[in-house]
Amino acid sequence: MYSFACASLYTINYQLIRGFEPIQQNYTKLGAHDWTRTSNTRIFNLLLYQLELRGHKYFTMQYYKTLDIPSLADIQTSVLSMLPDEHLTNDSLRYVYDDPATSTKFFLGIPVLKDLIDSYKLTNHLAGICIINKSSNSTTDIHIDRGSYKLSLNIPIIGCAGTYTHFYKTNHPPELVEMGVNKFWRLKAAHCRKMDTLDTSKPAVLDTSVPHCVENYTSNTRIMLLIRLKGHINFDWFE
């Protein structure tokens, strides 16, 4: 066991295995921040940010992994043809019929999408499937997703050319934001440093426990399909 101070707020004990993957984490509240209520994964990431800032050679974050999906065009056409009209314009994250379980069942009913999920053996490892729209000439706040998932398999549906997801590191605790069914941790741009950028016209698996934001400075609304994956799924799953 090793013990580290994390962002001057927490103590984390963990066992090093498979390249510093945490299999056990316990933290003790040292400050007065509400962020202690979030998951151990996010707290562990603050530790990694601190070590990266100090130039620790063993800790290099992987923010995303792009995927080659031969059936992408068929998935895009099928999803667009099936989506209710009200899900095509709102600038928000939407579960079909506003219910996560119903939304997942809805998307699994699209054969070409179900085939993709089955090809990665993900059917029993889904935390939810939803749509997120980003209006033209806009960006999101820098944020960390909140939920039972860490990775998200993101599939561009329409309007994604020229849009990007930026990834950041920080040593500041975020604030909790609630917008309908969507809850996330928001960070101030002044407290973050950009580390990497993903072209979101390409399908990719993203680490949503890392601070990130979406940029769409095109004239089109960007529609992205998000397949949230249960916490035990990691990037190695997609080798």
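1. Before counting anything, a word on terms: helices (H or I, at least four residues) and strands (E, at least two) are DSSP runs, numbered from the N terminus. With that in hand, this predicted model comes to four helices and 18 strands.

2. Here is the overall picture. The protein has 239 residues, and buried ones make up 46% of them. Its accessible surface is about 11,600 Å², with 48% of that belonging to carbon and sulfur atoms. Now look at contacts between residues with a separation of 6 or more: 76% of them join residues 24 or more positions apart.

3. Start your tour at helix α2, which spans residues 72–82. Leu72, Ile75 and Val79 are its buried residues. Looking down the axis of α2, you'd find these buried residues within an arc of 60°, so they line one face of the helix. Turn to the face pointing away from that buried side and you meet Thr77 and Ser81, both exposed. As for partners, the buried residues of α2 pack against α3, α4, β8, β11 and β18.

4. Helix α3 (residues 100–108) is worth the same look, with Ser103, Thr104, Phe106 and Phe107 buried. Their arc, seen down the axis of α3, is 160°, and so they line one face of the helix. Ala101 and Lys105 sit on the other side of α3 and are exposed. The buried residues of α3 pack against two helices, α2 and α4 (111–119), and two strands, β8 (126–134) and β18 (222–230).

5. What does Thr104 do inside α3? Its side chain reaches the backbone nitrogen of Ile129 at 3.2 Å. Thr104 counts as buried because its relative accessible area is 14%, and the cut-off for buried is under 20%. If you skip residues up to four places away in sequence, Thr104 touches Leu126, Gly128 and Ile129.

6. Now for the core. In soluble globular proteins, nonpolar side chains tend to be buried together. In this model, the largest nonpolar core has 31 residues, and the ones with the most contacts inside it are Val79, Phe107, Leu113, Leu122, Ile155, Leu225 and Ile227. The elements α2, α3, α4, β8, β11 (149–158) and β18 each supply at least two residues of this core. A second, separate core has seven residues, including Tyr168, Leu187, Cys192 and Cys213.

7. Leu113 is a good residue to click on if you want to see the largest core from the inside, being among those with the most contacts there. Which residues does Leu113 contact, leaving aside its neighbours within four places in sequence? They are Ile75, Phe107, Ile155, Leu225 and Ile227.

8. Last, the cysteines. How many disulfides does a search of the whole structure find? It finds zero. Take Cys213 as an example: the closest cysteine sulfur belongs to Cys192, and at 9.0 Å from the sulfur of Cys213 it is too far for a bond. A disulfide would need the two sulfur atoms within 2.5 Å. Cys213 is also buried, at 6% relative accessibility. Cys130 is buried as well, with a relative accessibility of 0%.

Definitions and conventions: Residues numbered from 1 in each chain as written. Predicted model: local features only at pLDDT ≥ 70, side-chain atom pairs only at ≥ 80, totals over all residues. Heavy atoms only, no water. Buried < 20%, exposed > 50% of the residue type's maximum accessible area, 1.4 Å probe, protein only. Arc of directions from axis to C-beta. Contact = heavy atoms within 4.5 Å. Core = buried A, V, L, I, M, F, W, Y, C linked by side-chain atoms within 4.5 Å. Areas by Shrake-Rupley, 256 points an atom, 1.4 Å probe, with all protein chains shown as cover. Polar contact = N/O pair within 3.5 Å; in protein donor to acceptor, adjacent residues only side chain to side chain.
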